[in-house]
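Got your viewer open? Let's take a short walk through this structure, one selection at a time.

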Amino acid sequence: MKIRAGIIPHPGEKYGGKLRKKVFNVLKESNPQLIIYISAIHDTSNLSNKIYELKQDNFYKKIAKRKIKVPRYEKLNKPEHSYGWVEKEIKLAFPNAGILVLTPVGSNHHKMVHLLTTLMKAWKDLIIIATTDLIHYGENFNNVDMLQVPQQLFKVKKEQHFINALAHSKSDVHNFFKQNHLMCGPYAIELYIKVMQKLKYTGKVVDYYDSSTIDFKKEINIYTI
């Protein structure tokens, strides 16, 4: 079965670019012509709990003659780096695809879950990509409890449990959304996993990214679990 959905991190290309390339290579196998990208939201001030359109590129043009219509959403009029930092890579990997970037704010977007589930069943040339960065630690994030050596083992173990729950679309994945320090983009991942559960999809870990230093002037130590 070809993989048609994935979760990626969104640090800059020199940090997470190699990982994203591996994920994109797997998704390319389904020859996607349409991409729905579910972005994180880092600044929710003055925003309502609803779905926003961050950006679109030829998406509505490509679906104009299709039977299922995708509504237009209110534009998100503020920058959001969880797509901006990876946009170039996505367009390079999928040069012919129409892209729609949606930004959920808040939870319980039942209509969107239904729409995405319906589209995935109807359009075999559609893929969904969601994004999050996992545990943010260090003095900049007021989170220094996980800096013990070796290699911040507690942090890695906690991420491993979460990634395992995501890959298997387990119902207990929702317990992780209550842990604010675990990830940015919880709304994106919650929406994504609800769709995967509706589709009865399970997944696999293609690659794993971690920056094990808070001093980015030093060489980044990336390791794999």
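Before you click anything, keep in mind that this is a predicted model.

**Stop 1: a pocket.** Start with the second largest pocket, which has a volume of about 190 Å³. To see its lining, select Glu13, Gly17, Arg20, Lys21, Phe24, Asn25, Lys28, Lys88, Glu89, Leu92 and Ala93. Now colour by element: H1 and helix H4 (87–93) are the ones that give two or more residues to this lining. Which element gives the most? That's H1, with six residues. Try colouring by class too, and you'll get six charged, three nonpolar and two polar residues.

**Stop 2: the sheet.** Next, show the strands. You're looking at an open sheet of five, in the order S1-S5-S2-S4-S3, and the pairing is mixed. Strand S1 (5–8) and strand S3 (51–57) each have a single partner strand, so they stand at the edges with one side lacking a neighbour in the sheet. Look for the twist as well: on average, neighbouring strands here are turned by 20° against each other, direction ignored.

Zoom in on strand S2 (residues 34–38) and strand S4 (residues 98–104). They run parallel and are joined by five bridges. Pick Ile38, and you'll find Leu102 in S4 standing opposite.

**Stop 3: helices on the sheet.** Select helix H1 (residues 13–27) again. This helix lies across S1 and strand S5 (126–131), and runs at about 175° to S1. Finish with helix H7 (residues 186–199), which packs on the sheet and touches S1, S2, S3, S4 and S5. The direction of H7 makes about 145° with that of S5.

Notes. Residues are numbered from 1 along each chain as its sequence is written. This is a predicted model: local features need pLDDT of at least 70, side-chain atom pairs count only at pLDDT 80 or more; totals for chains, interfaces and linings use all residues. Side-chain values use heavy atoms; hydrogens and water are left out. Two strands pair if DSSP finds at least two bridges between them. Helices (H or I, at least four residues) and strands (E, at least two) are DSSP runs, numbered from the N terminus. Axes are lines fitted to C-alpha atoms, for helices over the stretch in contact, and angles run from 0 to 180 degrees between N-to-C directions. Contact means heavy atoms within 4.5 Å. On a 1 Å grid over the protein atoms alone, a cavity is a set of points where a 1.4 Å probe fits but cannot get out, and a pocket is an open set with protein on both sides within 12 Å along at least five of seven lines; lining residues have an atom within 4 Å of a point. Grid points are joined across faces, edges and corners, and a volume is the space filled by probe spheres set on the points. Ala, Val, Leu, Ile, Met, Phe, Trp, Tyr, Cys and Pro count as nonpolar, Asp, Glu, Lys and Arg as charged, and the others, Gly among them, as polar.
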